Structure formats: structure tokens, C-alpha cells
Amino acid sequence: MPETVRQQIVDKTKLRLTAISTDNGYATNLGQRPIDEWPVAYQQDECPALGVFDLVNKTVQEFPREKRSGNTLPLQVRIFLKRESSPAEVRKMIADVMKAIITDPATGQRDPTFGGLATDTKPDEDGFIVPTDTFQIDGAAVGFTVEFLSEPFNAYE
């Protein structure tokens, strides 16, 4: 069975994140660390690590029997940190994730279409994850939205 468009976007996001390396012009080596879909937690010795979360896709059909509908799929990359990570280090990790999301690892060029799979990729939000009762940085997140077209009710196109 073929992969859904959504799975292809997640897979390409993970592939882009694996390129994060000082050898590739990034400030960190986050791409050499664990990168999983929807992880709940990591052990301290596994951190830093990355989690890719695909959230609720919104599909808009403008008129009846429209052949292709616009989809807006929000994604979030969470950075799971070691306890001793400094804010300056975390900011570099956030910047590296932001750069990797929009960069085709094969060409090194900006590609908001994921190789033609999407129509656009837009930034959403990024920053520290801080519990409300403390000012300890528990992690960081980079959110973005991938827009793509599909036939209504067809997740494989």
C-alpha cells in the first residue's frame, strides 16, 4: 500500500532533520541524535533528541465537486533537552531545526515544497517549553505549517 501524503511529509521532515550537523554548516549535531515520531519521553543519556508531531490537518473544499482541496497541516518539532542545556545552546538548536525544515538535504537549497509534495511551508511558532510553575527550560519547539493539495477524501494523493 502506498504511503499517505501526510506520512511522506513526516518522513521528509525527519530526513531533513538528519542533515543537522556541524559538517553541513549547522551550529549543532542534532541530526545525529534520536529523531522519532510522537515520542513521549527520552532518557537523559538519549538527549538531546527530536520528536516530529503532525497535528490536526484542516481541509478546505471551496465549492462542490472541487477536484483538489487545500490542506493545512501543522507540524511541530520538539527538542528534548539534557537538564544542563543553556538557553544559548537551545537557541542554536531551535535555529538549526528551523533551517533544516526548509532545506532540501540533497541540494542544500531552500525548498518549501518538500520536492513538489507540498505547495508551501510556512513558519508558525518557536521557543522554549517552560512549565508554568518554574522557569526551568524543559525543551523547545519549532512549529510550522505545510500546505498541500489533494483530492477530497483521498489521503494517498
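This is a short talk about helix α2, strand β6 and residue Asp96.

Okay, so first, this is a predicted model: local features need pLDDT of at least 70, side-chain atom pairs count only at pLDDT 80 or more, and totals for chains, interfaces and linings use all residues. Numbering starts from 1 along each chain as its sequence is written, and side-chain values use heavy atoms, with hydrogens and water left out.

Let's start with α2, residues 87-102; helices here are DSSP runs of H or I with at least four residues, strands are E runs with at least two, and both are numbered from the N terminus. From first C-alpha to last, α2 reaches 23 Å, close to the 22 Å expected, where expected means 1.5 Å times one less than the number of residues. Its buried residues (under 20% relative accessible area, 1.4 Å probe, protein chains only) include Val90, Met93, Asp96 and Val97. Among the elements covering them (contact is heavy atoms within 4.5 Å) are α1, β4 and β6.

Now, β6. Of its 12 residues, 10 are buried, so the strand is largely enclosed by the rest of the structure. It runs antiparallel to β4, with 12 bridges joining the two; strands pair if DSSP finds at least two bridges between them. Phe80 sits opposite Gly139 there. β5 also pairs with β6 in the antiparallel sense, over eight bridges.

Back to α2: what is the nearest side chain of opposite charge to Asp96? It's Lys99, 6.2 Å away, and Asp96 has no salt bridge (a Lys or Arg side-chain nitrogen within 4 Å of an Asp or Glu carboxyl oxygen). Still, a polar atom of the Asp96 side chain lies 3.2 Å from the backbone nitrogen of Ala27.

Notes:
Buried means under 20% relative accessible area, exposed over 50%, partly exposed in between (1.4 Å probe, protein chains only). Lys and Arg count as positive and Asp and Glu as negative; His and the chain ends are not counted. A polar contact is a pair of N or O atoms within 3.5 Å; within protein, one must be able to donate a hydrogen and the other to accept it, and residues adjacent in sequence count only if both atoms are side-chain atoms.
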